[in-house]
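Please read these notes with the sequence and the model open side by side. They take the overall fold to begin with, and then turn to particular side chains.

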Amino acid sequence: MGKKNLDWKYFDWGEFQTLCIAIAEVIVPDCNFNEHLKPGQKQDGIDLISFNRKGGKLFCIQCKKEKRLTQGDLKKIIREFRVGEYFHKSSNFILATSADLQKADLQNFIRIMNLNWNLIVGILQVLKQYF
C-alpha cells in the first residue's frame with residue numbers, strides 16, 4: 001500500500017493545533033505544551049509553550065496550517081519570535097506546519113537559521129511519513 005498525502009482541509013485550525021500538541025509531547029517528552037494566550041492577543045510568535053524540565057528553559061512552537069510558506073513568510077515568523085519577550089528565555093523554537101518545506105531554498109534558509117541563532121527551526125511533518 002503506497003503512502004498518501006494527509007488532506008489538511010478536514011482539520012480546522014484548532015484541531016491542527018491540538019494535533020501539534022500531541023505530536024510535540026511525543027517528540028519532547030520532558031514538556032507538557034499548552035496554548036499560549038488566546039488568538040488575537042499579542043503572542044510574540046508563539047502558539048504553544050512549555051517549560052522544558054530537562055533544559056530549564058522554555059520550548060516554544062508556532063503552528064501554521066498553511067498550504068504554502070515562502071522564505072519571506074519564514075523570515076517574518078522567526079523575526080516575530082526573535083523580537084518577542086520569550087526569545088531569550090527559550091531553548092527551542094519549532095515551526096509546526098502543514099506546508100511543504102522540502103524545497104532547496106527553504107531548507108538552506110532553515111539550516112542558516114539553525115547555525116545563526118542556535119535555535120531549532122524544525123518542522124513537525126511526522127504524519128506525512130504515514131499518509
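1. Two residues are taken to be in contact when heavy atoms of theirs lie within 4.5 Å. On that basis, among the contacts in the protein between residues at least 6 apart in sequence, 65% join residues at least 24 apart. Please keep in mind throughout that this is a predicted model.

2. As to the overall architecture, the protein holds three helices and five strands, and their order along the sequence follows the pattern α-β-β-β-α-β-α-β. Of its 131 residues, 44% count as buried, while the accessible surface comes to about 8,100 Å², with 53% of that surface belonging to carbon and sulfur atoms.

3. Which residues have the most contacts inside the largest nonpolar core? That core has 19 residues, and the ones in question are Cys60, Leu74, Phe81 and Leu101. The elements that give two or more residues to this core are β3, α2, β4 and α3. A second core, separate from it, has 16 residues and includes Trp8, Phe16, Leu19 and Cys20. As general background, nonpolar side chains in soluble globular proteins tend to be buried together.

4. The structure holds three aromatic pairs. One of them is formed by Phe33 and Phe59, whose rings are arranged edge-to-face, at 5.5 Å centre to centre and with 85° between the planes. Phe33 lies in the loop between α1 (13–27) and β1 (34–35), whereas Phe59 lies in strand β3 (residues 58–64), so the pair ties together parts that are 26 residues apart in sequence. Phe33 is buried, with a relative accessible area of 4%, and Phe59 also counts as buried, at 5% relative accessibility.

5. The pair of Phe81 and Phe93 is stacked, because the ring centres are 4.2 Å apart and the planes stand at 10°. This pair links distant parts of the chain, with Phe81 in helix α2 (residues 71–82) and Phe93 in strand β4 (residues 90–97), 12 residues apart. Phe81 counts as buried at 0% relative accessibility, and Phe93 is buried with a relative accessible area of 1%. Ring pairs join Phe81, Phe87 and Phe93 into a cluster. Phe81 therefore deserves attention on two counts, as it belongs to this cluster and is also among the residues with the most contacts inside the largest nonpolar core.

6. A ring is also involved in an arrangement with a charged side chain: Lys89 lies over the face of Tyr86, at 5.5 Å from the ring centre.

7. Is Thr97, in strand β4, buried or exposed? Thr97 is buried, with a relative accessible area of 1%. A polar atom of the Thr97 side chain lies 2.9 Å from the backbone oxygen of Lys64, and the side chain of Thr97 also reaches the backbone nitrogen of Ala99, at 3.0 Å.

8. Gln107, which is found in helix α3 (residues 104–117), calls for a careful reading of its burial. Its relative accessibility is 19%, and Gln107 therefore counts as buried, given that the term applies under 20% relative accessible area. When its neighbours within four places in sequence are left aside, Gln107 is in contact with Leu101 and Gln102. Leu101 is, in turn, one of the residues with the most contacts inside the largest nonpolar core.

Methods: Residues are numbered from 1 along each chain as its sequence is written. This is a predicted model: local features need pLDDT of at least 70, side-chain atom pairs count only at pLDDT 80 or more; totals for chains, interfaces and linings use all residues. Side-chain values use heavy atoms; hydrogens and water are left out. Helices (H or I, at least four residues) and strands (E, at least two) are DSSP runs, numbered from the N terminus. Buried means under 20% relative accessible area, exposed over 50%, partly exposed in between (1.4 Å probe, protein chains only). Accessible areas come from the Shrake-Rupley method with a 1.4 Å probe; for residues, only the protein chains shown count as cover. Rings of Phe, Tyr and Trp (its six-membered ring) pair if their centres lie within 6.5 Å; planes under 30 degrees apart count as stacked, over 60 as edge-to-face and the rest as tilted. A charge sits over a ring if NZ of Lys or CZ of Arg is within 6 Å of the ring centre and within 35 degrees of the ring normal. A nonpolar core is a set of buried Ala, Val, Leu, Ile, Met, Phe, Trp, Tyr and Cys residues joined through side-chain atoms within 4.5 Å. A polar contact is a pair of N or O atoms within 3.5 Å; within protein, one must be able to donate a hydrogen and the other to accept it, and residues adjacent in sequence count only if both atoms are side-chain atoms.
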